[in-house]
Amino acid sequence: MRRSLDLRARLCLAVRVTASPFKSAIEAAAARLREKAMTEEEGAFIGNEDNLQTALGVSRATVRQAARILEGEGMLRVRRGINGGYFAARPSADTIEKSVSAYLETLNVAGEDLLTIASVLWVEVLRKAAQIDTPRKREIIARYRGLLDTLPPDTGHREVLEVEAALRNDIFELIDSRYIELIFHINMAFSERRFVVPDEPEAPEEIAAFVAAWRNARRMELSAMADGDGELAALAARHMRNIWQQQMRKRIA
């Protein structure tokens, strides 16, 4: 009796291991169509409905529904009409950022979560940047050191944001980590959706205090990068993110 129970248990386990997850005909067709789109250059003609119906071995309705899935993913472009058909496409980072941030909005994600993720990502970005030793890194450090030194005393939030955007782009290009950059920008796109203008503008002395703290923190980051010290760069990045978090908490709904 015990032996038969053990055998049954092993058979059940084998079935669970070998069984593949069920996919509908539409999902299977979409997977094959996605694979085909990925192997072609962007803009390349993949086929018309008749071609794809034969190639995928599915009905015309299934081809159309699979194509809608890939259109939503940005992997396929459909041109209708006499010379129409299906063409390979690639989703843009901007489209992904906006789509994901819109989805996060439906989940009512807390602004505090956004700040936490952005902080963790930036710390790792600076750690990686510090460990790179190239002429490009030295050029970035020299440029932004000079820029920070020449910012006028009446620098406001708008000018700070312009410098921030340019510096982030240069550092993300330096570390060449598309995934981290994408996730970071998704956070930024989401924050813009939740950004609110305070009822009362900040006093000039408050803006000046923020700009001074921001400038000093950026100098610390650049110095750590110049020294090639990843841990010091991480500490400087945490300090910078704390400064930004204090500002963002006033403006995130």
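**Notebook: exposed loop, cores and helix packing**

I began with Asp-176, which at 55% relative accessibility counts as exposed; the model I am reading is a predicted one. I located Asp-176 in the loop between α8 and α9, and I noted that its phi is near 50°, a positive value in a residue other than glycine. I set beside this the general remark that most residues other than glycine have a negative phi.

Next I looked up the nonpolar cores. The largest one has 36 residues, and those with the most contacts inside it are Trp-122, Val-125, Trp-214 and Met-225. I then asked which helices supply it, and found that α6 (111–130), α7 (135–150), α8 (157–175), α9 (178–194), α10 (204–227) and α11 (230–248) each supply at least two residues, with α6 giving the most, namely eight residues. A second core, separate from this one, is made of 17 residues, among them Ala-30, Leu-52, Val-63 and Ala-67.

I followed Trp-122 further. Apart from its neighbours within four places in sequence, Trp-122 is in contact with Arg-168, Ile-171, Phe-172, Phe-184, Arg-218, Glu-221, Ala-237 and Arg-241. One of these, Arg-218, is found in helix α10, and Arg-218 counts as buried because its relative accessibility is 2%, where the cut-off for buried is under 20%. When residues up to four places away in sequence are not counted, I find Arg-218 touching Trp-122, Leu-148, Glu-164, Leu-167 and Met-240.

I also checked Arg-127, which is found in helix α6 and is buried, with a relative accessible area of 15%. Leaving aside neighbours within four places in sequence, I list Gly-230, Glu-231, Ala-233, Ala-234 and Arg-238 as the contacts of Arg-127.

I turned to how α6 sits against α10. Their axes come within 8 Å and cross at roughly 40°, and α6 and α10 are therefore oblique to each other. On the α6 side I noted Trp-122, Leu-126, Ala-129 and Ala-130, which meet Arg-218, Glu-221, Ala-224 and Met-225 in α10. Sorted by class, this contact of α6 with α10 holds six nonpolar, no polar and two charged residues.

For the aromatic rings, my count comes to five aromatic pairs. In the pair of Trp-122 and Phe-184 the ring centres are 5.8 Å apart and the planes are at 45°, so I entered the pair as tilted. Since Trp-122 lies in helix α6 and Phe-184 in helix α9, the pair ties together parts that are 62 residues apart in sequence. Both Trp-122 and Phe-184 are buried.

For Phe-210 and Trp-244 the ring centres are 5.3 Å apart and the planes are at 75°, so this pair is edge-to-face. Phe-210 is in helix α10 and Trp-244 in helix α11, so that distant parts of the chain, 34 residues apart, are linked by the pair. I checked the accessibility of each partner: Phe-210 counts as buried at 5%, and Trp-244 is buried with a relative accessible area of 9%. I also recorded that Trp-122, Phe-172 and Phe-184 form one aromatic cluster.

Last, I looked at Gln-246, whose place is in helix α11. Gln-246 is exposed, with a relative accessible area of 52%, the cut-off for exposed being over 50%. I find its C-alpha atom separated by 10.0 Å from that of Leu-115, although Gln-246 and Leu-115 are 131 residues apart along the chain.

Conventions: Residues numbered from 1 in each chain as written. Predicted model: local features only at pLDDT ≥ 70, side-chain atom pairs only at ≥ 80, totals over all residues. Heavy atoms only, no water. Core = buried A, V, L, I, M, F, W, Y, C linked by side-chain atoms within 4.5 Å. Buried < 20%, exposed > 50% of the residue type's maximum accessible area, 1.4 Å probe, protein only. Helix = DSSP H or I, 4+ residues; strand = E, 2+ residues; numbered from the N terminus. Contact = heavy atoms within 4.5 Å. Axes fitted to C-alpha atoms, helices over the stretch in contact; angles between N-to-C directions. Parallel < 35°, antiparallel > 145°, perpendicular 65-115°, else oblique. Nonpolar A, V, L, I, M, F, W, Y, C, P; charged D, E, K, R; others polar. Phe/Tyr/Trp six-rings, centres within 6.5 Å; stacked < 30°, edge-to-face > 60°.
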